[in-house]
Amino acid sequence: MVAAFLSGQPQVGAVAIYDSYFTYCKSYVTILGVQPPLVLDGAVAALGTRHDKERLISPALAAVGLRLVVTAIDTDAFGTFDASVPRSRSAQATVAAKAAAAAEAEATRLGVASEGSFFDDPAWTLCPTNVELVALVDRDTGLVVIGRSRAPAPWARPGTDLRAHRCPSRRPNIARAATDLAERLGRRCPSCDSPGVGPVRAETGRPCAWCGGPTLDVARVVSCCPACDAQMVDDIDGTADPGTCPRCNP
Ligand SMILES: [Zn+2]
Ligand SMILES: [Zn+2]
């Protein structure tokens, strides 16, 4: 019967065996606590926002097949910019908690949320810095994937209303964080097949075009899987501008 199935002849009994074998494999995997890899194409995610961020976030996530439904959870309960409700966790923990709350409110497997922060970083820019995070949370597996974007925010002065719907300057940065999230979701782990692989650090030392010595240019980018912590290294081909070489341009 199995031979007939493999030879391509229509065989009702063989299909039943194949189906039950598949069901057996699936239940075996569930018993072991291993989830099948998350399928994003056609999936629905709840977006928790009260501040009209759907138009900024949904186009990027549509590119990986995700459809967003807006749920008006009280995101202010997780902390506000005017500190009337202090944020008790890190920005990353806050955005993940918001996304999980959105998924719970809509009874969906997936939740999406965003979170903005402002801080002074004298090493990077002389004005305040705006960091936007957009997170996707999978309630079934506990997977959290976070997209980021960072931009100078010379307009962020004391007394500015920084909420996204009142602060047009934040909006392109939120859209870029959503694009970063979509790029991560589009890259799957070669070890466990989870989506969400993204860069975690860059290492310098690309060879100089003149002397071949290590320069300050990026030589490789290390990416990490958010599900199994596997690391992937992408080497950057080519030589570096001697202007970044400590020997040729001391
Ligand atoms: Zn050199
Ligand atoms: Zn993995």
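These questions and answers go through the sheet of this predicted model and ask how each description is reached.

Me: What makes β2 and β5 the edge strands of the sheet?
Reply: The five strands lie in the order β2-β1-β3-β4-β5 in an open sheet, and β2 (67-71) and β5 (144-152) each pair on one side only, as edge strands do.

Me: How do you know that β3 and β4 are paired?
Reply: Two strands count as paired if at least two bridges are found between them, and β3 and β4 share 11 bridges, in the antiparallel sense; one partnership in β4 is that of Gly111 with Val137.

Me: Why is the pairing in this sheet called mixed?
Reply: Strand β1 (residues 44-48) runs in the parallel sense with strand β3 (residues 110-120), over three bridges, whereas β4 and β5 pair in the antiparallel sense over nine bridges, and the pairing of the sheet is accordingly described as mixed.

Me: What makes β4 a largely enclosed strand?
Reply: A residue is called buried if 20 or more other C-beta atoms lie within 10 Å of its own, and eight of the 11 residues of β4 are buried, so β4 is largely enclosed by the rest of the structure.

Me: How do you know that helix α4 packs on the sheet?
Reply: Contact requires C-beta atoms, placed from the backbone, to lie within 7 Å, and helix α4 (residues 91-106) touches β1, β2, β3, β4 and β5, while its direction makes about 155° with that of β3.

Definitions and conventions: Residues are numbered from 1 along each chain as its sequence is written. Chains are lettered from A and ligands numbered from 1 in the order in which they are written. This is a predicted model: local features need pLDDT of at least 70, side-chain atom pairs count only at pLDDT 80 or more; totals for chains, interfaces and linings use all residues. Helices (H or I, at least four residues) and strands (E, at least two) are DSSP runs, numbered from the N terminus. Two residues are in contact if their C-beta atoms, placed from the backbone, lie within 7 Å. Axes are lines fitted to C-alpha atoms, for helices over the stretch in contact, and angles run from 0 to 180 degrees between N-to-C directions. A residue is buried if 20 or more other C-beta atoms lie within 10 Å of its own, exposed if 12 or fewer, and partly exposed in between; C-beta atoms are placed from the backbone.
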